Amino acid sequence: MNGTFGLRNIELSYGARRVLAGLDLDLLPGRCILLCGDNGAGKSSLLRVLAGLQPADRITVTGPEIPSPRRVARLLRDRTTYLHQHPYAFRGTVERNVAYALPRGGERVGRQARVEEALSWAGLDHLAKDDATRLSGGERQRLALARARLRPSPFLLLDEPTANLDGPSRSRTLELLHTFLEEGRGLVVATHDPAHFAPVCDIHLRLEGGRLRLAPPVSPPLDRAVEAG
Amino acid sequence: MESLSQSGLEALRLLVTGDRTLWEIVGVSFRVSLTAVLACAPLAVAFAALLAFRRFPGRQAVLAVLNTLLSLPAVVVGLSLYLVLSRHGPLGEWQLLFTQTAMVLGQMVLCFPLITAMCHAALQETDPRAWETARTLGAGPLRAVLTLLGEVRFALLGALIAGLGRVVAEVGSAMMLGGNILGYTRNITTAIALETSKGAFAQGIALGMVLLILAFSLNAGLHWLQGRSRLDPEYLT
């Protein structure tokens with residue numbers, strides 16, 4: 001379950017426009033793949049295909065068996081969790097939102113303990129009983145990360161997780177991403193600011209013309225480089 | 001002929017003294033209309049969800065028909081069901097004509113398009129991220145739909161109240177299918193029609209007041225519920 005998740009030949013077109021032109025991607029446990037590209041290059045579309053939210057025109061999964069298309073969508077949803085650029089909070093308390101990510105059933109006390117652990121991990125314990133729809137951008141991002149923490153899926157797909165966040169919120173999000181990696185979860189992060197992710201990035205890819213190519217290693221943002229120097 | 005003020009005073013007297021006939025009539029109205037709305041609701045909500053989340057051939061045509069049915073006159077529903085339920089009609093054997101069940105059926109036909117259209121409008125307004133978030137957090141299609149219904153619960157409740165308002169106030173279908181039998185199928189609206197034709201306005205006015213008071217209470221209740229769901233506007237700071 002915790003091995004590499006290999007996806008091949010991913011194709012997607014919107015009408016005549018070809019967004020993904022048969023690209024291959026391996027999701028790696030404990031590794032962070034940074035996905036860059038111009039606006040409209042198809043980064044979000046790729047993440048949504050990987051999340052099983054957007055059906056691809058074609059996609060195959062490496063492995064001994066070749067699953068049916070319906071099974072592939074299910075497999076993608078089971079193995080990945082997608083985080084929107086602006087995460088959605090359901091009506092109700094922060095605590096209830098986080099609990100949503102737990103599989104149904106199971107013992108109540110155990111569930112509550114897991115929710116509390118995820119809330120405190122994300123630094124949201126003081127907001128547990130608050131209305132989730134009233135959270136700030138940074139808090140909402142951490143709510144989404146807390147939900148992702150409770151999911152059994154080995155891979156997380158994050159769409160611009162630090163866009164519109166201020167410095168402190170951004171470092172906090174990065175710290176949380178770091179713990180995911182330490183726990184062996186694989187990340188794919190779509191972003192316009194690769195420099196911000198220098199501390200966690202393992203592989204830097206660029207999406208261009210519907211294909212992926214290896215991009216030069218990411219260097220940290222200038223202010224950090226100066227501090228380090 | 002009584003003057004309006006005389007009739008109004010007499011109406012108040014009937015209401016506060018708990019006139020038995022009057023409250024029986026009120027009971028029939030609400031039993032029939034509430035049953036109709038509650039029986040219709042699951043079907044209407046499910047149909048609205050289907051229209052909102054599934055793309056299928058003929059969907060636009062279904063929506064156009066649904067919107068047309070919003071202006072369906074109650075007497076036309078009454079007439080159509082009368083023909084179906086009357087002794088020589090296709091369902092004549094069921095002997096439902098002039099029963100509360102027939103009134104419920106008529107009112108279900110009347111409120112179905114309204115509740116469906118309002119629920120559909122509410123579900124269409126849901127944020128696409130809500131569905132995707134539910135799915136990516138492991139919800140199956142059914143749980144995801146239920147989550148979305150929860151997100152728009154006040155709009156759905158509003159649709160049910162609007163549906164109730166539509167059927168509790170209709171007279172045509174209740175008159176034709178129920179037959180206005182005292183103590184059994186005489187409801188508020190058919191009683192008002194009858195009393196007015198007899199020149200006995202006080203009971204008509206009293207019944208009209210009950211209808212308005214109850215409609216007001218339902219709407220006030222809905223607003224109260226919506227208000228309670230909001231917390232302090234701290235998010236503005």
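In the predicted model, A:Glu160 is a buried residue, its relative accessible area being 8%. The backbone at A:Glu160 adopts a positive phi of about 45°, although the residue is not a glycine. A:Glu160 belongs to the loop that runs between strand S6 (155-159) and H6 of chain A. A comparable case occurs in chain B, where B:Asn180, likewise not a glycine, has a positive phi of about 60°. The loop that holds B:Asn180 lies between helix H9 (172-178) and helix H10 (188-198) of chain B. B:Asn180 is also buried, with a relative accessible area of 10%. In the helix that follows this loop, H10(B), the buried residues are B:Ile188, B:Thr189, B:Thr190, B:Ala191 and B:Glu195. After H10(B) comes B:Gly199, which has a positive phi near 85°.

A further positive phi is found in a hairpin of chain A. Strand S8 (residues 203-208) and strand S9 (residues 211-214) of chain A pair in the antiparallel sense, and four bridges join them. Two residues separate S8(A) from S9(A) in this hairpin, and A:Gly209 in the turn has a positive phi of about 55°. Across the pairing, A:Glu208 is set opposite A:Arg211 of S9(A).

Aromatic contacts were examined next. Over all chains, the search of the whole structure yields seven aromatic pairs. One of the pairs is formed by A:Trp121 and A:Phe180, which meet edge-to-face at 5.1 Å centre to centre, with 65° between the planes. A:Trp121 is part of helix H4 (residues 108-121) of chain A, whereas A:Phe180 is part of helix H6 (residues 167-182) of chain A; the pair therefore ties together parts that are 59 residues apart in sequence. Both partners are shielded by the criterion of under 20% relative accessible area: A:Trp121 is buried at 15%, and A:Phe180 is buried at 0%. Elsewhere in chain A, ring pairs join A:Tyr88, A:Phe90 and A:Tyr100 into a cluster.

Arginine side chains also lie over aromatic rings. Within chain A, the face of A:Phe5 is covered by A:Arg79, at 4.8 Å from the ring centre. Between the chains, B:Arg143 lies over the face of A:Tyr100, at 3.9 Å from the ring centre. A:Tyr100 thus takes part both in the ring cluster and in a contact with an arginine of chain B.

Empty space in the model was then considered. Rolling a probe the size of a water molecule over the atoms shows where such space is left. The largest pocket encloses about 980 Å³. Its lining comprises 37 residues, and those closest to the centre are A:Leu53, A:Pro55, B:Arg54, B:Trp131 and B:Arg135. In chain A, strand S4 (58-61) and helix H2 (69-79) each give two or more residues to this lining; in chain B, helix H2 (20-53), helix H5 (100-124), helix H6 (128-136) and helix H7 (141-151) do so. By residue class, the lining of the largest pocket contains 23 nonpolar, six polar and eight charged residues.

The second largest pocket has a volume of about 490 Å³. It is lined by 20 residues, and A:Arg96, A:Asn97, A:Ala99, A:Tyr100 and B:Arg143 are those nearest its centre. The arginine and the ring that meet across the chains, B:Arg143 and A:Tyr100, are thus both among the residues nearest the centre of this pocket. Two or more lining residues come from each of helix H3 (94-99) and H4 of chain A and H7 of chain B. H7(B) provides the largest share, five residues. The lining of the second largest pocket divides into six nonpolar, five polar and nine charged residues.

The search for enclosed space returns one cavity of 30 Å³ or more. The volume of the largest cavity is about 90 Å³. Residues of both chains line it: A:Thr81, A:Tyr82, A:Leu83, A:His84, A:Pro87, A:Tyr88, A:Ala144, A:Arg147 and A:Ala148, along with B:Thr133, B:Thr136 and B:Leu137. Strand S5 (80-83) and helix H5 (137-150) of chain A, together with H6 of chain B, are the elements that give two or more residues to this lining. Seven of the lining residues of the largest cavity are nonpolar, four are polar and one is charged. A:Tyr88, a member of the aromatic cluster, is one of the residues that line this cavity.

Definitions and conventions. Residues are numbered from 1 along each chain as its sequence is written. Chains are lettered from A and ligands numbered from 1 in the order in which they are written. This is a predicted model: local features need pLDDT of at least 70, side-chain atom pairs count only at pLDDT 80 or more; totals for chains, interfaces and linings use all residues. Side-chain values use heavy atoms; hydrogens and water are left out. Rings of Phe, Tyr and Trp (its six-membered ring) pair if their centres lie within 6.5 Å; planes under 30 degrees apart count as stacked, over 60 as edge-to-face and the rest as tilted. Buried means under 20% relative accessible area, exposed over 50%, partly exposed in between (1.4 Å probe, protein chains only). A charge sits over a ring if NZ of Lys or CZ of Arg is within 6 Å of the ring centre and within 35 degrees of the ring normal. On a 1 Å grid over the protein atoms alone, a cavity is a set of points where a 1.4 Å probe fits but cannot get out, and a pocket is an open set with protein on both sides within 12 Å along at least five of seven lines; lining residues have an atom within 4 Å of a point. Grid points are joined across faces, edges and corners, and a volume is the space filled by probe spheres set on the points. Ala, Val, Leu, Ile, Met, Phe, Trp, Tyr, Cys and Pro count as nonpolar, Asp, Glu, Lys and Arg as charged, and the others, Gly among them, as polar. Two strands pair if DSSP finds at least two bridges between them.
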